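Open the model in your viewer and keep the selection panel at hand. The tour goes from one selection to the next.

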Amino acid sequence: MDGKIETSLKTKGGRSNFGKCVIAVLVAIIFLFPLYWLLSMSFKTDGESFGKLVTYYPHSFTLEPWIKNFSDKDFLLSLKNSILIAILSMTISIGFGVPTAYGMGRYKVPGSKSFLLTFLVTQMLPASLMLTPMYLIFNKVGLLGTYLGPALAISSGSIPFIVITLRPYFKGIPVSLDDAARIDGCGVIRSFLSIMIPAIKTGVITVIVISFLNGWNDLAYSMTFNVKPEMRPLTANIFKFQSKYGTKWNCIMAYGAILVIPVVLLFVFLQKYIVGGLTAGAVKE
Amino acid sequence: MSIAAKKRLEGYGFIAPGFLYVLLVLGYPLVYNIILSFKNVDVKTFASGTSKFVGFANYIELFHDPTFLLVLKNTFVFTIACLAIQFTLGFLLALLFSQKFTFAGPIRGLVLVAYMMPMSVTAMLGKNMFGVTEGVINDLLMKIGLINAPVEWLVSSSTAMIAVIAVNCWVGIPFNMLLLTSGLTGISQDVYESASLDGANKFQRFFYITLPLMKSSILAVLMLGFIYTFKAFDLMFIMTSGGPLNSTDVLGTYAYTLSFTKYEFSQGSAAALVLFCCLFVIGLFYLRLTTKEDD
């Protein structure tokens with residue numbers, strides 16, 4: 001009797017497995033098509049990308065749009081700015097966020113509930129709300145037209161994310177690890193840096209990647225606080241290049257593809273970290 | 001000093017950096033913004049330092065401005081349409097991808113790339129795909145025979161919002177799917193098995209087991225979705241610049257225009273605070289939900 005049920009379930013599973021795969025592949029095609037479109041456009045010639053006839057693959061394949069971008073001084077400068085802003089904001093976010101997550105996860109202190117509440121509220125603050133006051137404050141303290149200005153603003157969004165994501169990780173470390181560190185004669189700071197952080201490697205990688213991407217993807221802060229195009233990252237210079245290239249969609253798409261590539265690479269290699277981190281930060285389980 | 005007091009001090013020492021950072025870099029500007037919205041700071045009064053308090057004048061002016069009312073309506077239309085589409089399709093996909101089959105893992109991951117991409121690139125891509133003659137959307141729709149002539153998606157104020165919503169859903173559906181999948185996989189298989197032994201069919205199982213057990217996941221996804229969608233900025237800024245004729249202007253982009261195109265800083269901060277108040281109401285429910293189960 002038991003055997004019968006099992007086999008009938010199995011054959012049913014086999015058939016529906018194929019059906020589900022077909023649907024899943026269709027879903028993937030629909031969702032990945034825009035990305036394919038971005039890449040395919042970037043390898044088309046000027047005439048083909050502008051043409052009245054829409055082509056679904058580059059009929060005459062060319063690397064010209066990519067070369068054009070990479071040999072443009074303005075482009076290389078923007079790329080450098082993107083990298084600098086992303087690394088600077090990531091460093092600030094990790095430096096301030098991880099110790100706080102540790103303190104909130106492993107110490108029972110009066111007021112910890114209101115600390116947590118503060119971080120949850122700040123996670124909701126939209127960039128458009130912070131732009132005006134930050135612009136006027138940065139203007140007064142001389143932070144407009146620097147890399148630090150946007151980096152500070154971006155980090156203010158990443159830090160609450162780091163605290164909320166890592167706190168449960170730190171909380172989950174068994175107390176015996178603390179005791180072992182104490183017995184080994186580790187000081188508080190050493191045990192945090194060389195025992196606790198390595199113990200939650202997965203979580204730490206997640207927040208490093210996400211806080212890098214927060215900087216890399218930023219548009220609003222960099223655009224508002226850096227008026228000079230030479231200081232702006234790729235995201236904020238999209239308009240400038242759009243008017244520079246006019247209707248040359250192939251060049252604009254190559255520009256976009258270069259912005260997307262690091263994201264896709266990070267994502268492909270660190271998928272499980274990112275997916276786990278995003279869910280942990282958003283929904284309580 | 002007692003050991004307990006020393007421990008407490010250590011704890012505060014670790015918590016301090018991030019907490020003080022947030023107070024200084026977010027808290028201070030937030031308070032500054034509130035004060036700003038009750039003054040008359042523009043580019044002239046800011047430079048000369050002659051701004052003064054004007055009470056609710058900025059808010060009164062906003063709510064008498066037909067453009068602002070349109071923008072407010074746009075923001076809600078955009079948010080509610082996106083939420084409805086993202087949630088429904090995201091849930092259907094989550095039901096599919098929470099099952100075990102050959103490609104489930106890799107495809108679920110791939111689809112998420114859309115969510116991680118810079119929104120400015122997504123918006124630019126949307127601008128191209130919804131183009132009138134060069135756009136692939138028109139070409140595909142004409143090939144299938146759904147339309148006879150190209151639609152002027154981003155040129156016409158009656159269709160631009162549809163295009164913007166479609167692009168936002170491309171990002172939002174995978175995100176909803178991810179969060180709902182993790183909720184679904186948390187439901188024990190035993191519950192379903194005992195239900196099917198009791199003769200419950202697929203629909204009964206969905207409505208009497210899945211939905212009730214998913215209640216807190218669903219609420220969290222809807223509220224987070226509201227918070228993320230309501231504050232949209234990058235998408236409209238790059239794809240349509242709020243146009244044509246403010247038809248895709250939302251609170252985020254409108255506040256930016258007031259402050260940084262017209263240099264009416266006080267008006268801009270008042271518009272941004274309206275945005276924040278709407279978020280805060282939904283946010284309070286979200287906070288109650290996430291902190292309730294804690295500790």
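How are helix 5 of chain A and helix 7 of chain A oriented to each other? They are oblique (neither under 35 degrees, nor over 145, nor 65 to 115). This is a predicted model, in which local features need pLDDT of at least 70 and side-chain atom pairs count only at pLDDT 80 or more, while totals for chains, interfaces and linings use all residues. Residues are numbered from 1 along each chain as its sequence is written, and chains are lettered from A and ligands numbered from 1 in the order in which they are written.

Select residues 112–122 and 148–172 of chain A, helix 5 and helix 7 (helices are DSSP runs of H or I, at least four residues, numbered from the N terminus). Their axes, lines fitted to C-alpha atoms over the stretch in contact, come within 9 Å and cross at roughly 130°, on the scale from 0 to 180 degrees between N-to-C directions. At the meeting point, A:Phe119, A:Leu120 and A:Thr122 of helix 5 face A:Pro160, A:Val163 and A:Ile164 of helix 7, in contact by C-beta atoms, placed from the backbone, within 7 Å.

Next, select residues 119–129 of chain B, helix 7. Here 11 of the 11 residues are buried (20 or more other C-beta atoms within 10 Å of a residue's own), so the helix is largely enclosed by the rest of the structure. B:Lys127 and B:Asn128 are among those buried.

Finally, pick B:Leu275. Beyond its neighbours within four places in sequence, B:Leu275 has contacts that include A:Pro126, A:Leu129 and B:Leu251.

Key
Two residues are in contact if their C-beta atoms, placed from the backbone, lie within 7 Å. Helices (H or I, at least four residues) and strands (E, at least two) are DSSP runs, numbered from the N terminus. A residue is buried if 20 or more other C-beta atoms lie within 10 Å of its own, exposed if 12 or fewer, and partly exposed in between; C-beta atoms are placed from the backbone.
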